[in-house]
Structures are given as C-alpha cells and as structure tokens.
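Me: I should like to understand the reasoning behind several descriptions of this structure. Please set each value against the rule that applies.

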Amino acid sequence: MSASPWSETDLPSPLVRGETEGAHRPRSMWRRPVILCCLVYLGIVVGVAIIAPIVLPQVGHEDAGNLLAVLKGPSSRHWLGTDSLGRDVLERLLVGTRVTIVGVGEALLAALLLGVPLGVVAGYFGGWVDSVVRWLSDLTFSMPAIVITLAVLAVFPGSVTAAMVTLGVIAAPGLMRIVRSAALPVREELYIAAARVSGLSHRYIISRHVLPRISGAVIVQCSLLAAIALQVQTGLAFLNLLVPAPAPSWGGMVADGANEIVAQPWLIWPPGVAIALTVLVLGIFGDAVRDARTKRWSS
Amino acid sequence: MHIEVSNSVAVPETATELNTSQEVMSAGGRIRGVLLRHRLVRLLARRIALGVVLVFVVSALTFVLVSLTPGNAADDILGFTATRAQYASLTHQLGLNLPLYEQYAHWAGHALTGNLGTSVFTGQSVTQALDQRLPVTLSLMLGSLLVSVVVGVAVGVVSAVRGGIVGRGADALSLVGFSLPNFWVGAIFISLFAVRYRWFPAIGYVSFGQSPFEWLRSIVLPVAALSLGGIAAIAKQTREAMLEALGSEYVRGARANGIRRRSIVFRHALKNAAGRVVTVVGVQAVGLLGGTVLIENVFSIPGLGSLVVTGTVQHDLPVVEGTVVYFTIIVIVVNLMVDVVYSWLNPRVQVR
C-alpha cells in the first residue's frame, strides 16, 4: 500500500475500512475479560451437566433421602440444605443441570439448523426464498409460543425433546430474519463481486466470506435464544410437565420449594439463583459480543 | 370504448375503465377509493388478513398435531373396559373415522359459529370455559402491561436524561429484570409479602364484581411478578431510543433556540422515541400473555393459563386447541393495536 502513488484519502472507502479493521484481529473478541468470564461460567455449567449424573448416579432415582433431616437449611453436611424428603439440595441441583441444559441445546440446535441456512439463502440470493422467510417470520412473531409448546406436550406427554424442538422451530424464523439482514449487506461488498469474477462457487463464497461475517449476529441471537429457552424449559419443568417425579430439574426444584414455601422459604433460592444467574450470564455474553462486533464492523 | 351513462350508480367493470372514467365513478366507489388510498386502512386490512391466515394455520397445525396422538378421544372417554361396539359408535359420533381434512373442516365450521367442542373431562363447553376465564387473564395481562409501560418509560426517560450512575443503574436493572424467571419472582413475592408480612393473599383470585378492593389485593403480587420483565425490556428500549433522540440535530436546534429542557425531553425527544417504545411494548404484551400461563399456576388464579396447563396434564385436547385459538386471537389483536398506535405516532410509516 505504501508504494502506491495515491494518497490515502483517494483510496476507496472499503479499503480504508479494511485497514482499520486490521488493528483488531477477529480473535481479540474472545480475549475480552467479560466474554471470557461468561464463557468460563457457561463451560462450568455444561461440564456439570455432563459430569454430575455420572458421579452421582443414584440422585436421579432417589425417592427419599434422610427422612430424619427434612427441610433443613444450609449446614456443613448439606451445603444447600435438604428438601421436603430429606434429599441433598446441592446434589439435586447439580444432577438437574443436565435435563435443563439438554433442553436448551435442543431448542438452539433446531433454530440454528433451520434458521441459518434459510437465512443465508434469503439474504445472499434474495428472490422468492426471501419473501417466504419474511412471511414466515411475520407469522411466527404472532404465535403464542408457550401455548403451542403446551399443545405439543399434551400430545407427547413429558417429552423435553418435543417441547424444546417446537420452541426452536417457532424461534427459527426470527433467527432467519437476523441472518438475512446480516447477509444482505455482505452480498453488496466488492470482495464478493471479486470472488465471483475470479470464478469461485457460491458455496465457497458463502462458507469462506459470508458465514464468518454473520457469525457475530448469530452468536448474539443464539445467546438471547438460549436465555429464553432456559426460561421456557425451567417454566415447563416448574409446571411438572417435563421431568417425571423423582428426577431433579431446576424448574422442578423451584416448584418443590414453592410447595414448602411456608415451612422452608429457603428452598426456592438455590434453583432460582441457578436459573437467574445462567440467564444473566447469557444476556451479558450476548450484549458483550454485540458491542465487540459493532466496534469491529462500524465504519 | 363503452362508457356508462353518467350519474348512474354502476361501478366500472374493468381497471382501464376505472382510470378513464373517473368522473363517472359513483359516490360509493369514490369513498372506497379514498379509503383504500388511506395508509392506515391498507395496513389494517393487510394485518387482519394475515391474522385470519394465522388463526387458520395455527389451528390446522394444532389439529394435525393432535391427530398424531396415539389413541384418540374415544379411548380417553371410554377407558379400557369398553366394548368394540361402544368404541365404534363413539368414534363415529365424534367423527374420528373421517379423513383428517374433513375433521378439520368440521371443527373449523363449528369454531366459526363459536363452538369449540366440549371438554373431554368435564363435559363443559370449551367456549364457555374459555369465556369465563378470559377476563381473568386479560386483567392480569393488561394490568401488568400498564405497570410495565408506566414504570419502564419513566425509568428509561430518567436514566437517559440523567445519564451517569443513574443510567448505568438502569442498564443493570434491565439486565437483572430480564434474567429473573417470573415464576420464581412470584414464589419469592409469596414468601415475602404473603407469608412473612401478610400484606396480600398468597394465592387465589377475587373477581372485580365481587369486591373491587379484594380484586386489587389479589392481583397486586401476580401483576408485580409479571411486570418485572416488561419493565426491564421497555426501560432498556426507551433509554436507547431517548439517547438517540437527545443526541440528534433537532434537539440541538431546539436547545439553541432556548426551548425549555422539559419541553425538549417530552414534546420533542420522547415523541420521536415513542415509535420504538411502542414496538417493544407490542413484543412485551405477547410475552406477558405467555407469562400469565406460569403466573396463574404460581398464584392458583383461574385464568386461561391454568386451564391450558390442566388440559395438557389431562390430555384434554379440545380444551388445549381452544386455548391455542384464543391466545392466537389475543396476540393478533395486540399486534393490530400496536400497528395503529405506531402509525398514529409516526405518520411516515410505510406499508410493507
């Protein structure tokens, strides 16, 4: 560039922007302390979801614990106290993480598998797919998601997968719309035209140039979606519609606590804090990624 | 070209005629033309059309879904002890032997006349059960919508105008408000304000007609628990929209012209920020409606939400289907009202 006979002000704007972008490398986003902390927390939650049921296999089938020590507050023996059947709250909280996180994962996966490919096609190619995506998202925006999920549960009683995939499908058009509007300006970029002229296939351009550019928007939307899915999953579990009796889940534990609200008000706190903290971290994560992204791409 | 005799009431038959014979258009046609040209009417027509499509799509999807159920309503009603003849006659009576699209047409035809079938369990008319519970859910939803809008807009405006620590506090508040699941907040409120301090009843619902004061007492905690998320979202949007409006050229101009600060904030900035606020209010209204499902179960309130959960547990499909239809219609009406308010606030709005 420096050998170029033109002064910098004569450069077309995309190139100037390209140079300022070089200052922040794409990787730097993941080194921000806020984002790193969120990732560590989410990593721990996922780790607990995987490990806890393996280490504590009996907790999921335990109908009663120590019946001589029911509804106890936190102590050195039971760090988070015991529930109405004398079972250790901490153990149940750890083991209950799995069904909660798996539900969120299923909803996310369904939304991603439907939303990203269709959104990219709509934004990159336009045409009738674009109209269909817009129409679909108009339609699903006015769907009462939780009631439809309940209808699904009436048909498939107790199926976490059926309920959460339904939620993901209802959320997918919203994701499609985000992906579409993120992919739309990329199509107009000079380097896409250059890639086309040099004979690269659409498939290659999408995976090499379009997907990296929209990944930020997808991550932001996914963290929001995960937060909502977590609230819906725990809500349905709270209504005792998802997880059958002895097996623990975060939402089900809030329901157990609500039943003993007079005798032991403490019981609603551990699972509630777990839910709220995880949703909070997902929210902060989404905001931080969005901020990092707008700084990178703002011109 | 053949042109109708002037002053006749006949409406022109073709589009070309309509263009060439403007002066012979009947009075009715002219009014219709004016109306159709009117933005808002076109917008509403489009929205209502979309809404009707939506009700059909959602109810048909639910219908197909329900047909996937192993076993059918006849099984549920008769139980295991029924004879084959009883089963066959009930299946016939319920129309379960017909092809699916005929069953749906049958159901939709009845639904259009306000008959959504009968509950498999209680034998009560579904329409009747839903109509009984609708005011309860609506009072919860509208009450928390009112609280969310008033508190949310106030927090948003104050935090945008004051900035600094107040602004950061509002940001933190909206993040926390978003994170707390409403059923948990409801349980905390019961444990604090009903069990410990006994200010409000823990559960139950008193209708407005029975005693307005007790009605108010019975919905304070549920409405407060529901509103938290709405307040958070509306405060956040209001704050962002206000910050944008306050940083714009016309506010600088107004300030340079010596217009009072209060007038700038409310007459100029808030008016321009209102469009975005209304949009998020619409989204929140739909969210609050979903939230009533959980809150009604926390506080044992006999609304649509507790009905649909009971219906789900009992496998009472007509009830679940009917509730889906009601919820969809409420959502459509809410979106319609949002569109009206939005285009009233922002005359530049374009029909998409």
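Reply: In this predicted model, the axes of α4(A) and helix α6 (residues 160-187) of chain A cross at roughly 135° and come within 8 Å.

Me: Why is α4(A) called oblique to α6(A)?

Reply: The angle between the two axes is roughly 135°. Angles over 145 degrees count as roughly antiparallel, and 65 to 115 as roughly perpendicular. The crossing falls in neither range, and therefore α4(A) is oblique to α6(A). The crossing of these helices is left-handed.

Me: Which residues of α4(A) and α6(A) meet, and how do you know that they are in contact?

Reply: From α4(A) come D130(A), V133(A), L136(A), S137(A) and T140(A), which meet I170(A), P173(A), G174(A), M176(A), R177(A) and R180(A) of α6(A). They count as in contact because their C-beta atoms, placed from the backbone, lie within 7 Å. Five of the residues in this contact are nonpolar, three are polar and three are charged.

Me: How do you know that helix α8 of chain A falls short of a straight helix?

Reply: Helix α8 (residues 202-238) of chain A has 37 residues, and a straight helix would reach 54 Å at 1.5 Å a residue. The C-alpha atoms at the ends of α8(A) are only 47 Å apart, which is short of that span. A kink of about 50° lies in α8(A) at L211(A), shortly before the proline P212(A). After α8(A) comes N240(A), with a positive phi near 60°.

Me: What makes up the side of chain A that touches chain B?

Reply: Chain A gives 35 residues to the contact and chain B gives 42. On the side of chain A, the elements that give two or more residues are α4 (127-141), α5 (145-155), α8, α9 (250-259) and α10 (269-297). The largest share, 10 residues, comes from α5(A). This side of chain A divides into 27 nonpolar residues, seven polar and one charged.

Me: How do helix α7 and helix α12 of chain B pack, and what is the hand of their crossing?

Reply: Helix α7 (residues 126-162) and helix α12 (residues 261-298) of chain B have axes 8 Å apart and pack at an angle of about 145°. Their crossing is right-handed. Among the residues making this contact are T137(B), L140(B) and M141(B) of α7(B), and V265(B), L270(B) and V277(B) of α12(B). The contact of α7(B) with α12(B) has 15 nonpolar residues, five polar and no charged.

Methods
Residues are numbered from 1 along each chain as its sequence is written. Chains are lettered from A and ligands numbered from 1 in the order in which they are written. This is a predicted model: local features need pLDDT of at least 70, side-chain atom pairs count only at pLDDT 80 or more; totals for chains, interfaces and linings use all residues. Helices (H or I, at least four residues) and strands (E, at least two) are DSSP runs, numbered from the N terminus. The expected span of a helix is 1.5 Å times one less than its number of residues. The bend at a residue is the angle between axes fitted to the seven residues ending there and the seven starting there. Two residues are in contact if their C-beta atoms, placed from the backbone, lie within 7 Å. Ala, Val, Leu, Ile, Met, Phe, Trp, Tyr, Cys and Pro count as nonpolar, Asp, Glu, Lys and Arg as charged, and the others, Gly among them, as polar. Axes are lines fitted to C-alpha atoms, for helices over the stretch in contact, and angles run from 0 to 180 degrees between N-to-C directions. Angles under 35 degrees count as roughly parallel, over 145 as roughly antiparallel, 65 to 115 as roughly perpendicular and the rest as oblique. A crossing is left-handed if the near helix is turned anticlockwise from the far one by less than a right angle, and right-handed if clockwise.
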